[in-house]
Amino acid sequence: MARLEYLELPVGDRAAAKRFYAQAFGWSFTDFGPDYAATMSGDTDLGLDAAPDKVRAPLPVIRVDDLEATLAAVEAAGGVVVVPIFAFPGGRRFHFRDVDGHELAAMQAD
């Protein structure tokens, strides 16, 4: 079953973004290296990406059960893979553009 699991936001200053969301909504973040932090609620989580090569717009991340089958389905439906499958702490994912040009990601947890 596929579900929207995550939203990544590109940020200029990770520490400032963490302070904002903590103060505004009471959220706490786990740091993953110097450029990335994320909520770990177990529901739909928020990632803050301050890496120099970060995406330029919010990135919806869809959790799937079979990453390779999803990649094939995305391509068969007319989507274009823009970042091939790669590993990250907690799983693997790829990025794609839908038929309207929106960038999304599909991920499979470890």
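1. Glutamate 5 is buried, its relative accessible area being 14%. The model is a predicted one. Glutamate 5 belongs to strand β1, which covers residues 3-10. Beyond its sequence neighbours up to four places away, glutamate 5 touches Asp43, Thr44, Asp45, Val61, Arg63 and Met107. An acidic residue listed as buried should be read together with these contacts, Arg63 being one of them.

2. On the overall fold: the protein has two helices and eight strands. Their order along the sequence is β-α-β-β-β-β-α-β-β-β. The radius of gyration is 14 Å, close to the 13 Å that the globule rule gives for 110 residues, so the protein is as compact as a globular protein of that length. Taken along the principal axes, the box filled by the C-alpha atoms is roughly 45 × 25 × 20 Å.

3. On burial and surface: of the 110 residues in the protein, 35% are buried. The exposed area of the protein is about 6500 Å², and carbon and sulfur atoms supply 58% of that area. Contacts across the sequence can be put in one figure: of those between residues at least 6 apart in sequence, 49% join residues at least 24 apart.

4. On charge: the side chains of the protein include 10 positive and 17 negative ones. The centres of these two sets are 6 Å apart.

5. Which residues make up the largest nonpolar core? This core consists of nine residues, namely Leu9, Val11, Ala17, Tyr21, Phe29, Ala37, Leu46, Leu48 and Ala50. Helix α1 (14-25) and strand β4 (45-49) each supply at least two residues of this core. Valine 11, one of the core residues, touches Ala17, Leu48, Asp49, Ala50 and Lys54 when residues up to four places away in sequence are not counted.

6. Phenylalanine 29 is another member of the core. Its place is in the loop between α1 and β2 (30-31). Phenylalanine 29 is buried, with a relative accessible area of 15%, which puts it under the 20% limit for that label. Setting aside neighbours within four places in sequence, phenylalanine 29 is in contact with Lys18, Tyr21, Ala37, Ala38, Thr39, Leu46 and Leu48. The C-alpha atoms of phenylalanine 29 and lysine 18 are 6.9 Å apart in space, and the two residues are 11 residues apart in sequence.

7. Aspartate 49 deserves a separate entry. This residue is in strand β4 and is buried, at a relative accessible area of 11%. What does aspartate 49 touch, not counting residues up to four places away in sequence? The list is Glu8, Leu9, Pro10, Val11, Asp35, Tyr36, Lys54 and Val55. Tyrosine 36 is 13 residues away from aspartate 49 along the chain, and the C-alpha atoms of the two are separated by 4.9 Å. Valine 11 and Lys54 both occur among the contacts of aspartate 49, and valine 11 itself touches Lys54.

8. Is threonine 70 buried or exposed? Threonine 70 is buried, with a relative accessible area of 18%, where the label requires a value under 20%. This residue lies in helix α2, residues 67-76. With neighbours within four places in sequence left aside, threonine 70 is in contact with Val64, Phe94 and Ala106.

9. Two residues in the loop between β3 and β4 are exposed. Serine 41 is found in that loop and has a relative accessible area of 53%, and the label exposed applies over 50%. Serine 41 and serine 28 are 13 residues apart along the chain, with 9.0 Å between their C-alpha atoms. Glycine 42 is found in the loop between β3 (36-38) and β4 and is exposed, with a relative accessible area of 69%. Between the C-alpha atoms of glycine 42 and arginine 3 there are 13 Å, the two residues being 39 residues apart along the chain.

How values were computed:
Residues numbered from 1 in each chain as written. Predicted model: local features only at pLDDT ≥ 70, side-chain atom pairs only at ≥ 80, totals over all residues. Heavy atoms only, no water. Core = buried A, V, L, I, M, F, W, Y, C linked by side-chain atoms within 4.5 Å. Buried < 20%, exposed > 50% of the residue type's maximum accessible area, 1.4 Å probe, protein only. Helix = DSSP H or I, 4+ residues; strand = E, 2+ residues; numbered from the N terminus. Contact = heavy atoms within 4.5 Å. Rg over C-alpha atoms; globule rule 2.2 N^0.38 Å. Areas by Shrake-Rupley, 256 points an atom, 1.4 Å probe, with all protein chains shown as cover. Lys, Arg positive; Asp, Glu negative; His and termini not counted. Charge placed at Lys NZ, Arg CZ, Asp CG, Glu CD.
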